[in-house]
Amino acid sequence: MTAIIFLATLILSVPVAIVLVIAAIWYIWQSGNTVLYDSIALKMFGGLENYGLLAIPLFMLTGELMNEGGMTKRLINAARVFVGGFRGGLAYINLLANMFMAAIIGSAASQIAVMSRAMVPAMTKEGYDPGFAAATTAAGGLLAPVIPPSMLFVIYGVLAQLPIGDLFIAGIIPGLIMASTFFVVIALIGLKQQFPRGTWMSRPEAI
């Protein structure tokens, strides 16, 4: 019966946290083991003592502050300095800006949400296929779980009791390899489809 309550509340689009609470309370009431009610508060406050997991909401807060404060646009302009003049420059800018964002936010979902609002409309306006623009942004978002600081590394390190700093160091080279591979794919597609060539910034503009 507990499983039925759990699935029914999920199907009704009840938030997952509330679903878990309802299922737990139903199980305790059904089993008659009312001592377990005392453990609910203990588990809730015990979870708050896990400081490693506190990094997750802080990562999300950082992403929102960056987006609202205009830092996202400045990161995109910084990427434009390095790769803006290549053929398919906006695609390279998209990927490089995603690398910068991955080193700050650490969450793929948050990063894609932020970058899609900034880069997909700009690429579409420049004549890029909307599907390619969305795919480039999504591929760049995949760098967030690998390039440190990564939210998944934090969760895995907390659960497996591993040094999170070592996990961050281990993600640097795989992240760079992934980014390099994405750059090569963009270059090949750009040559085939003749993407528009970007313009390099002048030295004063770049500074």
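Which residues does M123 touch, not counting residues up to four places away in sequence? Keep that in mind as you open the viewer; the tour comes back to it in the core. One thing to know before you start is that this is a predicted model.

**Stop 1: the whole chain**

Show the protein as a cartoon and colour it by secondary structure. You will find twelve helices and zero strands, so to speak an α-only pattern repeated from start to end: α-α-α-α-α-α-α-α-α-α-α-α. Now turn the model around its principal axes, along which the C-alpha trace spans about 75 × 35 × 30 Å. The radius of gyration is 22 Å, where a compact globule of 207 residues would have one near 17 Å.

Switch on the surface next. The accessible area comes to about 12,400 Å², and 72% of that belongs to carbon and sulfur atoms. Buried residues account for 33% of the 207 residues. If you like contact maps, take the contacts between residues at least 6 apart in sequence: 66% of them join residues at least 24 apart.

**Stop 2: the nonpolar patch**

Select L7, L10, I11, V16 and L20, which make a nonpolar surface patch of about 500 Å². Two elements give two or more residues to this patch, namely α1 (2-11) and α2 (16-31). The most comes from α1, with three residues.

Zoom in on V16, which lies in helix α2. Is V16 buried or exposed? V16 is exposed, because its relative accessible area is 53% and the cut-off for exposed is over 50%.

**Stop 3: Y27, also in α2**

Stay in helix α2 and select Y27. Y27 counts as partly exposed, with a relative accessible area of 46%. Leaving aside residues up to four places away in sequence, Y27 touches T2 and L36. For a sense of distance, draw a line from the C-alpha atom of Y27 to that of A102: they are 75 residues apart along the chain and separated by 41 Å.

**Stop 4: the largest nonpolar core**

Now select I93, M101, M119, M123, F132 and L143. These are the residues with the most contacts inside the largest nonpolar core, which has 30 residues. To see where the core is drawn from, colour the elements that give it two or more residues: α5 (71-83), α6 (89-102), α7 (108-125), α8 (130-141) and α11 (172-193). Among these, α6 gives the most, with ten residues.

Here is the reply to the opening question. Centre on M123 and show its neighbours: M123 touches L90, A91, N94, Y128, F132 and A133, once residues up to four places away in sequence are set aside.

Before leaving, hide this core and select F59, F153, V158 and L167. These are included in a second, separate core of eight residues.

**Stop 5: T136**

The last selection is T136, in helix α8. Is T136 buried or exposed? T136 counts as buried, because its relative accessibility is 6% and buried means under 20%. Show its surroundings and you will find A91, N94, N98 and I186, all touched by T136 when residues up to four places away in sequence are not counted. Two of these names should look familiar: A91 and N94 are also among the residues that M123 touches.

Conventions: Residues are numbered from 1 along each chain as its sequence is written. This is a predicted model: local features need pLDDT of at least 70, side-chain atom pairs count only at pLDDT 80 or more; totals for chains, interfaces and linings use all residues. Side-chain values use heavy atoms; hydrogens and water are left out. Patches are made of residues with over 30% relative accessible area and no salt bridge: like charges are joined within 9 Å, nonpolar side chains (Val, Leu, Ile, Met, Phe, Trp, Tyr) within 5 Å. Accessible areas come from the Shrake-Rupley method with a 1.4 Å probe; for residues, only the protein chains shown count as cover. A salt bridge is a side-chain nitrogen of Lys or Arg within 4 Å of a carboxyl oxygen of Asp or Glu. Helices (H or I, at least four residues) and strands (E, at least two) are DSSP runs, numbered from the N terminus. Buried means under 20% relative accessible area, exposed over 50%, partly exposed in between (1.4 Å probe, protein chains only). A nonpolar core is a set of buried Ala, Val, Leu, Ile, Met, Phe, Trp, Tyr and Cys residues joined through side-chain atoms within 4.5 Å. Contact means heavy atoms within 4.5 Å. The radius of gyration is taken over C-alpha atoms; the globule rule is 2.2 Å times the number of residues to the power 0.38.
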